[in-house]
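This briefing goes through one chain by topic, and it is meant to be read with the sequence and the coordinates open alongside.

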Amino acid sequence: MLASPRFRVIVLLVSMPFGAAAVAAPAQHSSNSQKGIAYRWVDEQGVVHYGDNIPPQYASQDRAILNSQGVEVGHLDKQKTPEEEVVAARARDALMKQKQHDAFLVSTYTSVKDIEGLRDARLDQLKIQRAAAEQYVESLRGRLATLQSRALSYLPYSDRKDAWRMPDDVAENLVRTVNELRVQSSALASKGAEEATLRQQFQADIERYRELHAIHSQSPTPSAPRAAATQGAPPVSQAAAQ
């Protein structure tokens, strides 16, 4: 985020070319005077100051570089804190990922129907997986019911005084079945959230594709990614890859 205009520092190039002045270091008052570099800054009270050197407390603020006619020809951002650097790096990464995803969309799909077709195929896969998971959970429940019924014949569940202690294999099988049923039931419950997430991802792709298509339609010349869309590999959504 840029600093407030009242803290903006202006570098005024009086007589030097831009390139030479941009790398000149304002180390000494006399050196800056000889090189024709003057500075203008604004203090906390909004008072404008001029001088051959910028006070240290203002040297790290945003700086606009002006030529001898007072026209801005460059800009130097203020020095960022470590926290601001982290935020800026994350913003750059997010922008890069968005650009990569945009390029993927326009080079992979030829229409919204392509995206919808792949979405429906993925949803059908999830439906099949969900049905298989439901069937497996039901089989686990049946196995558990059988084991529980069998366990009633043994101590400590049986009321018979002559009942035997539960065999180790029965106890282990019972514990293993309970744990597996818990895991598979949780996985089955997550299928609904997975389906909702998949729909959201594909819907976001559809909306972004329409935006990019509208931008492309307004462009005077077709973009390279659009031309490559008719020759590329079969459509594979990034949402599907995830």
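**Aromatic pairing, helices and their contacts**

With ring centres required to lie within 6.5 Å of each other, the count of aromatic pairs comes to one. That pair is formed by Phe104 and Tyr109, which are arranged edge-to-face, with 6.1 Å from centre to centre and 85 degrees between the planes. The model is a predicted one, and the chain holds eight helices and five strands.

**Overall make-up**

- Read from the N terminus, the elements follow the order β-α-α-β-β-α-β-β-α-α-α-α-α.
- Of the 242 residues in the chain, 27% are buried.
- Among the contacts in the chain with a separation of 6 or more, 62% are between residues 24 or more positions apart.

**The two aromatic residues**

- Phe104 has a relative accessibility of 17% and therefore counts as buried, since the cut-off for that class is under 20%.
- Tyr109, the partner of Phe104 in the edge-to-face pair, has a relative accessibility of 0% and so counts as buried as well.

**Helix α4**

- Helix α4 covers residues 82–108, and its 27 residues reach 39 Å from the first C-alpha to the last, close to the 39 Å expected at 1.5 Å a residue.
- The buried residues of α4 are Ala88, His101, Asp102, Phe104, Leu105, Val106 and Thr108, so that Phe104 of the aromatic pair belongs to this set, in keeping with its 17% relative accessibility.

**Helix α6**

- Helix α6 takes in 51 residues, from 168–218, and because each residue should add 1.5 Å, a span of 75 Å is expected; the C-alpha atoms at its ends are 74 Å apart, which agrees.
- A kink of about 25 degrees is nevertheless present in α6, and it is centred on Lys191.

**How α4 and α6 meet**

- Two packed helices are described by the angle between their axes together with the distance between the axes.
- For α4 and α6, the axes come within 10 Å and cross at roughly 80 degrees, and the two helices are therefore roughly perpendicular to each other.
- On the α4 side the residues that meet α6 are Gln98, His101, Asp102, Leu105 and Val106, while on the α6 side they are Asp205, Arg208, Tyr209 and Leu212.
- Several of these α4 residues, including His101, Asp102, Leu105 and Val106, are among the buried residues of that helix.

**Helix α5 and its partners in α6**

- Leu140 lies in helix α5, which covers residues 112–151, and with a relative accessible area of 0% it is buried.
- Leu140 and Val178 are separated by 38 residues in sequence, yet their C-alpha atoms are 8.3 Å apart in space; residues up to four places away in sequence aside, Leu140 touches Thr177, Glu180, Leu181 and Gln184.
- Glu134 also has its place in helix α5, but at 35% relative accessibility it counts as partly exposed; Glu134 and Gln184 are 50 residues apart in sequence and 8.8 Å apart from C-alpha to C-alpha.
- Leu123, again in helix α5, is buried with a relative accessible area of 11%, and its C-alpha is separated by 8.3 Å from that of Arg199, which is 76 residues away along the chain.
- The contacts of Leu123, not counting residues up to four places away in sequence, are with Glu195, Leu198 and Arg199.
- Arg119 of helix α5 counts as buried at 19% relative accessibility, because the class extends to values under 20%; leaving aside its neighbours within four places in sequence, Arg119 is in contact with Phe202 and Ile206.
- Glu207 is found in helix α6 and counts as partly exposed at 43% relative accessibility; its C-alpha is 9.0 Å from that of Val112, although the two residues are 95 apart in sequence.

**The loop between α5 and α6**

- Most peptide bonds are trans.
- The peptide bond from Leu155 to Pro156, however, is cis, with omega near 10 degrees.
- Pro156 is placed in the loop between α5 and α6.

Key:
Residues are numbered from 1 along each chain as its sequence is written. This is a predicted model: local features need pLDDT of at least 70, side-chain atom pairs count only at pLDDT 80 or more; totals for chains, interfaces and linings use all residues. Side-chain values use heavy atoms; hydrogens and water are left out. Helices (H or I, at least four residues) and strands (E, at least two) are DSSP runs, numbered from the N terminus. The expected span of a helix is 1.5 Å times one less than its number of residues. The bend at a residue is the angle between axes fitted to the seven residues ending there and the seven starting there. Rings of Phe, Tyr and Trp (its six-membered ring) pair if their centres lie within 6.5 Å; planes under 30 degrees apart count as stacked, over 60 as edge-to-face and the rest as tilted. Buried means under 20% relative accessible area, exposed over 50%, partly exposed in between (1.4 Å probe, protein chains only). Axes are lines fitted to C-alpha atoms, for helices over the stretch in contact, and angles run from 0 to 180 degrees between N-to-C directions. Angles under 35 degrees count as roughly parallel, over 145 as roughly antiparallel, 65 to 115 as roughly perpendicular and the rest as oblique. Contact means heavy atoms within 4.5 Å.
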